[in-house]
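Biologist: I am new to reading structures, and I would like some help. Could we go through one together, feature by feature?

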Number of protein chains: 2
Amino acid sequence: MANAGEFPIENRPPAAIAHEAAAIARPKVAVDTVLFAVGGRGLEYYLLQLAGGPNAGKWAFAGGLVRVGETLDGAARRALRDASALTNAYLEQLFSFGDPSRDPTSHVVSVAYMALIDNPKRIGAASSKYSGGRWFAAGELPELAYDHSLMAEYALARLRAKLEYTNIACALLPPSFTFAELEEVYAAVLERPLDRRNFRRRIMAMDLLRRTPEQRRGAHRPAALYAFKHRSVRAIQML
Amino acid sequence: MANAGEFPIENRPPAAIAHEAAAIARPKVAVDTVLFAVGGRGLEYYLLQLAGGPNAGKWAFAGGLVRVGETLDGAARRALRDASALTNAYLEQLFSFGDPSRDPTSHVVSVAYMALIDNPKRIGAASSKYSGGRWFAAGELPELAYDHSLMAEYALARLRAKLEYTNIACALLPPSFTFAELEEVYAAVLERPLDRRNFRRRIMAMDLLRRTPEQRRGAHRPAALYAFKHRSVRAIQML
DNA sequence: CCAAAAGTGTTGAGTATACACCCATGA
DNA sequence: TCATGGGTGTATACTCAACACTTTTGG
C-alpha cells in the first residue's frame, strides 16, 4: 500500500519525528486529463489556455489539485467537468509524473488521465481558471505547459494500443453508429486507412456489435446502424 | 501538468486562499514496489512483514514515503534498497492508488511499481521498519496490508502482457543463460508449459538474442549460452 | 552403455491480407 | 439517370500449433 510499514508520524518517538519530518515531502497531488474526440480533422485533443499562474497563456490539459476526501478518479472527473462541463466521459488513469522540478513553483505530483467522448461538440464552458479552450488536431498541438506534451504522447499510445484489444472505441462513438463511422474512428486513431471489407469482417469476428433495426438515412443509400453489445470497456476475448 | 492552471496558494488573494485551503488535500505520497523473480517454485513475489504501524505483522511490498526533492522512480529505488539491499533492479511504474480511505490513518496516495531481478538470492537485509522478508510463490500469497493485493494483481498482469511484446524477460535473467532457462522464465510467468521447438523458433524470429561462445556444462550434454542483444527493455519490432 | 538434457523440421489448420464490383437511395 | 456512399466474397500468403527422434555429454 501507501506508506507500507511507515509509522504514522504521530506515533513515532520524538527523535524519529524530527528526523523524518525533515525528509518527507508533502507534495501537492494533481490530476491532468488528456481529452480526446474524433472530429472533422481526425483525432483531436482538447486544450485549455491557462488564465493565470506561472504558465499563464500557455495551453494545457484539464487539471486541478486533489481535494480533501477525493479519490484520484473523482478529482479527474471534477477537473474535467470544471474545464468542459462534461460529466460522463470515459476516464482511465495513465501514469503519474512526479519529478520535483516539473512544476517550478512547487513539488506537484500529477496523475495523468485519458478521457474519451463521442462528439467534440459536447464541450461546455470552462471555469474562470482558463481563458478558453479548443480542439487541436493530433498533428497540430501547440507548445504545452509543464510536461503535458509527454502526457499527450502517453495518452495517444495507450489509446492506440487499447483500440486493438478492447472495445474502447465505444467511448468515442454515440450509442448507435454506422460501420463507416466506426471505421472512421479506427482510422483516425491509428492514422492509417483501413480496408473496408477486412475491417468489417474483423469487427464482426469480435462479436462486439449488435445491429439495430434503425437505419441512417442521408443523401444516398441508407446505412445500417449498429450498437456495442457492452458499453463498458473490456478486453476482447481472443480465445 | 500538475496543477494545470492552479494559482500557487501563496499568490492567491486572501479569499481564495481561505476557500481553497479548506478544500485542497495534502496527502502523503508513497511508492510501493512489487518485486518479482523466478525461483525454484516458479514466479515469486518478495514480501516484507511490517514491524510497526496499524498493520504491524502483516505482509506488504517494499514501500515508503516520497522525500523532499525525490522523483517517484527515485523513491521507489530507495524504498527497494531499504527493503532488500537491491540497487540495480529493473523498475517500472504501474498505477497510482489514491482512495483517501485506503490507509485508515491518513490520506496517502501510493504510486505502485514493479521490479524485476534475475535471482531471488540477491536479496539483502531489510531496514528496521520490517521485521523480515521472504519470497512467496505466485499462488500462495498471504493476506496483504492495505490494497497491496490489488497491486500484486496489477503487476502480474503487466508482466505477463509485456513478456509477449517486449524483451522484458532480460530483467529476469542473468547476462547469459541457456535456452532452457529462458523458456523456464516464460513458462513461470505465463503459468503454462511451452513447446520447446516452437518457443525457440518464436524467440529466434524476434532477433533478440546473440549466441555467446561459452557453453553451460553440467551433468549432461552442454547447452549453448545466449545473451540479449539489448539489456534495456524495449518493444519488439512486429513489422 | 545408460540416463538426462539439448537440439532440431515438417505438416496442417487457421488467420490475415489484397483486391473490385454491384446495390440502394436522393437529387 | 447519375452521383454517392453502402455493402459483399474469394484466392493467396503467412502464421501458429502440434508433434518425436537424434545428439551429446557425464557418470
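Modeller: Happy to. Keep in mind that this is a predicted model.

Biologist: Let me start with a strand. Why is strand 9 of chain A largely enclosed by the rest of the structure?

Modeller: A residue counts as buried when its relative accessible area is under 20%. Strand 9 of chain A covers residues 223–228, and five of its six residues are buried, so the rest of the structure largely encloses the strand.

Biologist: Which way do strand 8 and strand 9 of chain A run, parallel or antiparallel?

Modeller: They run antiparallel, and five bridges join them. Strand 8 of chain A spans residues 209–216. One bridge to look up is that of A:R211, whose partner in strand 9 of chain A is A:Y226. The two strands form a hairpin, with six residues between them.

Biologist: And how should I picture the side chains of a strand?

Modeller: In a regular strand, side chains alternate between the two faces of the sheet.

Biologist: Now the two chains. How is chain A laid on chain B?

Modeller: Two copies of a chain are related by a rotation about an axis and a shift along it. Here a turn of 180° with a shift of 0.0 Å along the axis lays chain A on chain B, with an RMSD of 0.0 Å. That is the relation of a two-fold axis. The same surface serves both copies, as 100% of the contact residues of chain A recur in chain B.

Biologist: On to the DNA. How many residues surround DNA strand C, and which are the closest?

Modeller: There are 20 residues around DNA strand C, and the closest are A:N198, A:A219, A:P222, B:R196 and B:A224. By class, this surface has 10 charged, six nonpolar and four polar residues. Helix 5 of chain B gives the largest share, four residues. Helix 5 of chain A and strand 9 of chain B each supply at least two residues as well.

Biologist: What part of DNA strand C is within 4 Å of the protein, in terms of sugar or phosphate and bases?

Modeller: Of the DNA strand C atoms within 4 Å of the protein, 41% belong to sugar or phosphate, and the rest belong to bases. Individual contacts include both kinds of target. An N or O atom in the side chain of A:R221 is 2.9 Å from a base oxygen, whereas one in the side chain of B:R200 is 3.1 Å from a phosphate oxygen. The backbone takes part too: a polar backbone atom of B:A224 is 2.8 Å from a phosphate oxygen.

Biologist: Which helix gives the most to the surface near DNA strand D?

Modeller: That is helix 5 of chain A, with four residues. The residues that come nearest to DNA strand D are A:R196, A:A224, B:N198, B:A219 and B:R221. A polar side-chain atom of A:R200 lies 3.0 Å from a phosphate oxygen of this strand. The side chain of B:R201 has an N or O atom 3.3 Å from a base nitrogen of DNA strand D.

Biologist: One last feature, the backbone angles. Where does A:D207 lie, and what is its phi?

Modeller: A:D207 lies in the loop between helix 5 and strand 8 of chain A. Its phi is near 60°, a positive value in a residue other than glycine. A:D207 is partly exposed, with a relative accessible area of 49%.

Biologist: Is B:Y146 buried or exposed?

Modeller: B:Y146 counts as buried, at 16% relative accessibility. This residue also has a positive phi, of about 50°, although it is not a glycine. You will find B:Y146 in the loop between strand 7 and helix 3 of chain B.

Definitions and conventions. Residues numbered from 1 in each chain as written. Chains lettered and ligands numbered in written order. Predicted model: local features only at pLDDT ≥ 70, side-chain atom pairs only at ≥ 80, totals over all residues. Heavy atoms only, no water. Near = heavy atom within 4 Å. Polar contact = N/O pair within 3.5 Å; in protein donor to acceptor, adjacent residues only side chain to side chain. Nonpolar A, V, L, I, M, F, W, Y, C, P; charged D, E, K, R; others polar. Buried < 20%, exposed > 50% of the residue type's maximum accessible area, 1.4 Å probe, protein only. Pairing = 2+ DSSP bridges. Least-squares fit on C-alpha atoms with pLDDT ≥ 70 in both. Contact = heavy atoms within 4.5 Å.
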